[in-house]
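Subject: Structure handover

Hello,

Here is the structure I promised to pass on. Please open it alongside this email. My notes follow below.

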Amino acid sequence: MADNSFSDGVPADSVEAAKNASNTEKLTDQVMQNPQVLAALQERLDNVSHTPSSYIETLPKAVKRRINALKQLQVRCAHIEAKFYEEVHDLERKYAALYQPLFDKRREFITGDVEPTDAESEWHSENEEEEKLAGDMKNKVVIAEKEAAAAEELNPKGIPEFWFTIFRNVDMLSELVQEYDEPILKHLQDIKVKFSDPGQPMSFVLEFHFEPNDYFTNPVLTKTYKMKSEPDKADPFSFEGPEIVDCDGCTIDWKKGKNVTVKTIKKKQKHKGRGTVRTITKQVPNESFFNFFNPLKASGDGESLDEDSEFTLASDFEIGHFFRERIVPRAVLYFTGEAIEDDDNFEEGEEGEEEELEGDEEAEDEDDAEINPKV
């Protein structure tokens, strides 16, 4: 029998493979000349998601080199921005000195140490004219006069429970206050913000001034927030301005039996050998606003905090910032609730716009249904 495994010295398998490759190339050429196939292929390529990083990887080496140069410039921009915020901090310190005489007078009015003059007490409401035209104004005036007469008979000193009322009005603060904290906070007379001295590391101190009370001997409780206005060496592009990086509280000198940050519990212990039972008492941490002055410390040794600790620390920083930026400068508006109403109205306005847009979309759908009714 003849051997067909070779043809002219070339293996039969190689010949067959060459024929198949030739046929495949011809078929590929025919397919690629088909406009419909090309369109479908292009559409599939267009739908493939391209990330910025994947795009950068496709660029020539020379272009990547120039992009790296741009990043170097961006780092320098971040350092200039950090210096800008340092000067802003200096400016804040300057204007804090201008605000302080007004805040000092505010404290005098609140505590009743000074009575405002008639000129200082004059204030015209935006709705005053509308209220005068109201049909039931006479009744309101009579009621108001009776209430004013009763108030004059009581004649409380200053503005009672001014700061405590702010704590009660603001959700962020009221969530921290326990029922047993309330009698203490009613002794709070003032909250001040003190900025770090020139040339010192960036920081600010919250000072809580209390009148003499039955709970602790400190006239002032302090909380210091340390700040940083410097790009992170490991991630310089994350810099967005000064940030609070740590905080220190103070020691509260509680009077005997008045420490609300701890509670005493009774626990029974059984002796292993004799089987006798004894009752012991021990102190354990207790939820209280005054834990605010014993804050969690940021890890300074490079070790990361657990998720709960990170959240607690972030919340603490947020509260400190809120005291500094909102509560202290605009205290009277948080006392009356006007600042809170402004925030609520802004949020409601945004939601209202969304609802209105949704309504418009529904109306358009209804119009379409009328024009193109479904059978």
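The buried residues of α4 pack against four elements: α8, β3, β4 and α12 (331–336). Bear in mind that this is a predicted model.

Start with α4 itself. Its buried residues are A78, A82, H89, R93, A96, Q100, F103, R106, I110 and T111. The helix has 51 residues. From its first C-alpha to its last, α4 reaches 70 Å, close to the 75 Å expected at 1.5 Å a residue. It is kinked, though. The bend is about 35° and lies at Y99, shortly before the proline P101. Just after α4 comes G112, with a positive phi of about 85°.

Next, the sheet. It is open and has four strands, in the order β3-β4-β5-β6. The pairing is antiparallel. β3 (188–195) and β6 (243–248) are the edge strands. Each has a single partner strand, so one side of each has no neighbour in the sheet. From one strand to the next, the twist averages 20°.

Look at one pair more closely. Strand β5 (residues 220–228) pairs with β6 over five bridges, in the antiparallel sense. For M227, the bridge partner in β6 is I244.

Two helices to check against the sheet are α4 and α8. Helix α4 (residues 61–111) packs on it and touches β3 and β4 (203–210). The direction of α4 makes about 170° with that of β3. Helix α8 (residues 162–169) also packs on the sheet, touching β3 and β4. Here the angle with the direction of β3 is about 75°.

How much of α8 is buried? Six of its eight residues are, so the helix is largely enclosed by the rest of the structure. The buried ones are F162, W163, F164, T165, I166 and F167.

F167 deserves a second look. The largest nonpolar core has 46 residues, and F167 is one of those with the most contacts inside it. The others are F208, F290 and F323. Helix α11 (residues 307–327) gives the most to this core, with six residues.

What does F167 touch, leaving out residues up to four places away in sequence? The list is L173, S174, V177, L185, L188, I191, F208, F289 and F323. Two of these names, F208 and F323, also appear among the core residues with the most contacts.

Over to you.

Best wishes

Key
Residues are numbered from 1 along each chain as its sequence is written. This is a predicted model: local features need pLDDT of at least 70, side-chain atom pairs count only at pLDDT 80 or more; totals for chains, interfaces and linings use all residues. Side-chain values use heavy atoms; hydrogens and water are left out. Two strands pair if DSSP finds at least two bridges between them. Axes are lines fitted to C-alpha atoms, for helices over the stretch in contact, and angles run from 0 to 180 degrees between N-to-C directions. Contact means heavy atoms within 4.5 Å. The expected span of a helix is 1.5 Å times one less than its number of residues. The bend at a residue is the angle between axes fitted to the seven residues ending there and the seven starting there. Buried means under 20% relative accessible area, exposed over 50%, partly exposed in between (1.4 Å probe, protein chains only). A nonpolar core is a set of buried Ala, Val, Leu, Ile, Met, Phe, Trp, Tyr and Cys residues joined through side-chain atoms within 4.5 Å.
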